[in-house]
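Please find below a short note on some points of backbone geometry. The points are numbered so that each may be read beside the structure.

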Amino acid sequence: MTMEFTDRLTRVEPSATLAISALATELENDGVDVVDLSVGEPDFPTPENIVEAGKDAMDAGHTGYTTSAGIIDLREAISEKLADDGLDHGPEEIIVTPGAKQALYEIVQALIADGDEVALLDPAWVSYEAMVKMAGGDLTRVNLSETDFQLEPALDDLEAAVSDETELLIVNSPSNPTGAVYSDAALEGVRDLAVEHDITVISDEIYKEITYGVEPTSLGTLEGMADRTVTVNGFSKAYSMTGWRLGYFAGPEDLIDQAGKLHSHSVSSAVNFVQHAGLEALETEEPVAEMVDAFEDRRDLVIDLLEEHDVDVAEPEGAFYMMVPVDDDDQAWCEGALEDAHVATVPGSAFGTPGYARISYAASEERLEEGIERLADEGYF
């Protein structure tokens with residue numbers, strides 16, 4: 001039997017970050033020591049108090065279905081967290097999802113139809129493009145590589161890229177893959193264009209708690225943005241809970257109602273006991289601060305190591321990634337780096353920005369030093 005597959009799937013490629021990780025795993029299974037600088041997850045264990053909360057929830061019998069949007073205690077706690085960030089969303093304007101990726105998927109599916117225009121800021125996380133294509137949308141892209149990945153100097157380019165035809169703009173600050181944190185002036189520029197052209201904006205804030213000396217602004221707090229911003233966040237990065245799969249989004253109630261249909265008919269709800277662990281996570285501060293301090297030290301280490309090999313990078317202000325300039329054929333560079341130096345990185349072309357490789361510094365200082373040394377020894381720097 002020959003199966004025919006839908007255009008919405010054949011028009012997209014598998015996740016490049018997961019593909020590189022799979023290749024690295026294959027090498028490791030063959031006994032090769034791979035320094036994996038491709039992975040987008042903290043290398044710290046989930047804080048013990050969060051793990052215990054999950055266990056306690058299971059022991060207490062929280063193993064069945066929950067309300068589709070999520071348990072009320074967690075949505076109320078998220079509402080309070082958002083209020084601390086300056087956002088006003090009651091529990092009825094929040095959906096808890098199995099990971100922030102699911103939140104983004106549901107929002108795009110709710111808002112984008114065939115031929116709708118969506119604007120991305122490149123480099124952009126790999127799954128944005130795929131989600132838009134699966135919804136039938138068309139992409140308009142703004143290249144930030146000429147401005148050290150900062151948006152403020154590129155506002156004129158963004159203005160030229162959007163129009164009354166633009167349905168959605170996706171903003172990710174702090175950014176994956178660059179670590180850039182957009183200035184208030186940049187976000188105000190986004191606000192002005194969104195209001196002028198009646199554009200809905202997704203503010204992906206999954207790395208909001210991981211910053212170095214800067215305080216990121218939530219886009220929805222700006223005047224005129226409350227009713228046109230959908231805020232996405234989750235627990236994977238800040239609380240080292242990637243495998244728990246827990247995220248959420250908050251936005252206008254009519255969007256929540258419509259996206260909630262997809263949510264209820266697809267995933268039903270996030271896992272019950274995981275939601276209880278998320279409730280504990282929102283009360284967890286010290287382990288998060290310790291992780292952020294470690295990431296900052298590692299960022300500084302990698303910058304210093306690259307400088308020793310005359311490689312200049314834009315200094316990340318958040319997340320745990322940086323974009324490293326490489327050959328024009330970044331795909332070949334990354335494949336060669338994995339095969340020759342046994343160091344896994346992700347090609348910049350996967351993020352819409354050829355000529356770069358993304359390095360994750362969510363690894364120990366020893367492994368970071370070894371990875372950079374291997375790349376230099378094999379002639380990749």
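1. The model is a predicted one. D310 is exposed, because its relative accessible area of 70% is over the 50% cut-off. This residue lies in the loop that connects α11 (286-308) with β9 (321-325). Its backbone deserves attention: the phi angle of D310 is positive, near 60 degrees, although D310 is not a glycine.

2. A word on background may help here. Most residues other than glycine have a negative phi, and most peptide bonds are trans.

3. S268 should be examined next. Its phi is near 65 degrees, again a positive value in a residue other than glycine. S268 belongs to the loop between α9 (253-266) and α10 (272-281). Is S268 buried, partly exposed or exposed? With a relative accessible area of 33%, S268 is partly exposed, because that value falls between the cut-offs of 20% and 50%.

4. The next matter is the peptide bond between D122 and P123, which is cis, with omega about 5 degrees. Where does P123 lie? P123 is found in the loop between β3 (117-122) and α6 (126-134).

5. A cis peptide bond also joins S173 and P174, and here omega is about -5 degrees. P174 is located in the loop that runs between β5 (166-172) and α8 (184-197).

6. To review the note, the student may locate the positive phi values at S268 and D310, and then the cis bonds that join D122 to P123 and S173 to P174.

How values were computed
Residues are numbered from 1 along each chain as its sequence is written. This is a predicted model: local features need pLDDT of at least 70, side-chain atom pairs count only at pLDDT 80 or more; totals for chains, interfaces and linings use all residues. Side-chain values use heavy atoms; hydrogens and water are left out. Helices (H or I, at least four residues) and strands (E, at least two) are DSSP runs, numbered from the N terminus. Buried means under 20% relative accessible area, exposed over 50%, partly exposed in between (1.4 Å probe, protein chains only).
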